[in-house]
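Before you take this model further, here are some notes on its fold, set down point by point for you to check against the coordinates.

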Amino acid sequence: MNDYFSLEIGEIRKLIAEHNPQYSELSDEKLKELAEKMYEVRLRQVQLNDSERAAYYSSLNFRTRRNLIDNVYESIRGLGILGKIIEDKSITEIMINGFDNIFVERAGKLERLADKFENQERLRNIITKFVQEAGRSVNESNPIVDTRLKDGSRVNVVLDPIALDGPIVTIRRFPEEGMTIQKLIQYGSITPEAAIFLEKLVRAKYNIFISGGTGSGKTTFLNALSNYIPKTERVITIEDSAELQIKHIPNLVRLETRNANSTGVGGISMKDLIKSSLRMRPERIIVGEVRGEEALDMLQAMNTGHDGSISTGHANSAADMLSRIETMVLSGAGGLPLEAIRQQIASAVDIIIHLSRMRDSTRKTLEITEIQELKDGKFILNRLFQFQEDEHTTVRKVSGKLVRTGNKMAHPDKFISSGIYDYL
């Protein structure tokens with residue numbers, strides 16, 4: 001039945017185009033009326049010529065019929081099936097592997113949808129539509145693009161023939177109301193004690209890196225942490241694709257990278273934006289995610305009076321995050337000695353917060369670690385909070401909490417200068 005549903009969307013659209021070649025210029029109301037009329041025309045066609053499809057139509061209840069007409073309208077005016085999926089607020093991630101293979105994530109669990117697009121061409125047209133609306137382009141010469149939808153959802157697109165089974169679209173949804181530390185506490189991602197400590201770290205302007213694997217909640221956590229930034233400060237955010245939802249800062253500057261055009265010019269990189277941001281009198285610089293050579297510029301910003309800067313990065317642990325930063329800096333400044341790079345990191349980064357997506361799909365804060373010193377070319381880490389699993393934890397359900405280790409801050413100087421003495 002679902003195969004017929006998708007096919008009939010295309011058939012009714014053909015009838016609309018035949019009946020009114022200028023259908024795209026109709027108002028929304030007129031287009032919906034036309035879709036309903038062409039539904040009736042299509043119903044009469046199949047009753048005369050196709051007994052199998054006539055049986056399908058006769059099996060449709062009012063809701064399914066309404067859904068079919070709505071999908072016809074959405075396929076013309078909106079994002080087709082994708083628009084319907086996006087409207088489902090319970091879905092947190094959408095994975096489209098070609099026109100007929102759609103997966104979604106709900107409550108941390110993956111499921112395959114029966115819905116599918118009419119064909120590869122229709123999916124490609126929808127991709128082109130929302131990419132162009134975001135001011136970007138995707139085509140055979142530029143088959144990979146990162147962008148966002150109007151609701152702020154992050155989108156990654158890879159077109160065929162790079163993607164062997166058809167266009168690939170991955171969409172990461174974010175809560176419309178924004179994330180807060182209180183919600184993270186409710187979800188069990190962090191404890192009230194750790195939340196108080198993080199608030200004081202942010203207010204004292206410690207430089208923080210948030211690390212974790214894909215889907216561990218780094219951007220969500222950064223959004224929550226940003227609520228602790230005093231509203232009197234001037235903050236500059238730099239992202240590949242704008243995802244951060246910082247709403248309480250009046251003096252906020254949001255910057256986003258831009259891909260080069262079809263002739264290879266006009267691209268604006270993270271590195272370019274970080275350099276430019278230093279001339280904007282920032283009090284804090286927030287980089288959505290550091291992925292490459294811009295890591296050196298981020299470190300230099302942290303080392304030149306822009307305390308309180310925050311960024312995220314992919315890593316498997318706090319220690320691994322430091323190794324990743326080293327590698328990223330080397331990719332952009334291969335001439336620098338490794339010892340000098342490590343000294344830059346030790347001087348710039350104060351705290352690493354490591355997150356993980358657990359085996360039961362929950363997201364937890366696993367450690368809050370201070371970079372204590374660089375000794376004999378190696379980073380000495382001072383773990384301040386660590387996640388401990390309960391005795392009763394199982395494979396299906398991870399229980400435990402983030403607890404204080406008892407270690408004192410090795411570098412409490414920013415606390416002292418801010419008048420915070422709890423962690424000396």
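The points below go from the whole chain to its two sheets and then to selected helices.

1. The model is a predicted one, and the overall figures should be read with that in mind. The chain has 424 residues, of which 50% count as buried, and its secondary structure comes to 14 helices and 15 strands. Along the principal axes, the C-alpha trace spans about 85 × 55 × 40 Å. The accessible surface comes to about 20500 Å², with 48% of that area belonging to carbon and sulfur atoms. Among contacts between residues at least 6 apart in sequence, 56% join residues at least 24 apart.

2. One open sheet consists of 6 strands with antiparallel pairing, in the order β3-β2-β1-β6-β5-β4. Because β3 (109-112) and β4 (144-148) each have a single partner strand, they stand at the edges, and one side of each is left without a neighbour in the sheet. Neighbouring strands here are turned against each other by 15 degrees on average, with direction ignored.

3. At the β4 edge, the partner is β5 (residues 154-158), which runs antiparallel to β4 and is joined to it by 5 bridges. Within this pairing, aspartate 146 stands opposite asparagine 156 of β5. Helix α6 (residues 120-133) packs on this sheet, where it touches β1 (91-97), β4, β5 and β6 (168-172), and its direction makes about 135 degrees with that of β5.

4. Another open sheet is formed by 9 strands in the order β9-β8-β10-β11-β7-β12-β13-β14-β15, and its pairing is mixed. Its edge strands, β9 (252-256) and β15 (400-404), each pair on one side only. Neighbouring strands of this 9-stranded sheet are turned by 25 degrees against each other on average, again with direction ignored.

5. Within the mixed sheet, β13 (residues 363-375) and β14 (residues 378-389) run antiparallel and are joined by 8 bridges. Glutamate 370 stands opposite asparagine 382, which belongs to β14. Helix α11 (residues 294-302) packs on the sheet and touches β7, β10 and β11, with its direction at about 160 degrees to that of β10. Helix α9 (residues 218-226) lies across β7 (208-212), β10 (284-287), β11 (310-314), β12 (351-357) and β13, running at about 150 degrees to β7.

6. How many of the residues of α11 are buried? The helix is mostly covered, with 8 of its 9 residues buried, namely Glu294, Ala295, Leu296, Asp297, Met298, Leu299, Ala301 and Met302. The elements covering these buried residues include strands β7, β10 and β11, together with helices α10 (270-277), α12 and α13 (338-348).

7. Helix α12 (residues 318-332), which is among the elements covering α11, has 15 residues and reaches 22 Å from its first C-alpha to its last, close to the 21 Å expected at 1.5 Å a residue. Its buried residues include Ala318, Met321, Leu322, Ile325, Glu326, Met328 and Val329. Because these residues cover an arc of only 170 degrees around the axis, they lie on the same side of α12. The general background is that an α-helix has 3.6 residues a turn, so residues three or four places apart point the same way.

Note on methods: Residues numbered from 1 in each chain as written. Predicted model: local features only at pLDDT ≥ 70, side-chain atom pairs only at ≥ 80, totals over all residues. Heavy atoms only, no water. Pairing = 2+ DSSP bridges. Helix = DSSP H or I, 4+ residues; strand = E, 2+ residues; numbered from the N terminus. Axes fitted to C-alpha atoms, helices over the stretch in contact; angles between N-to-C directions. Contact = heavy atoms within 4.5 Å. Expected span 1.5 Å × (residues − 1). Buried < 20%, exposed > 50% of the residue type's maximum accessible area, 1.4 Å probe, protein only. Arc of directions from axis to C-beta. Areas by Shrake-Rupley, 256 points an atom, 1.4 Å probe, with all protein chains shown as cover.
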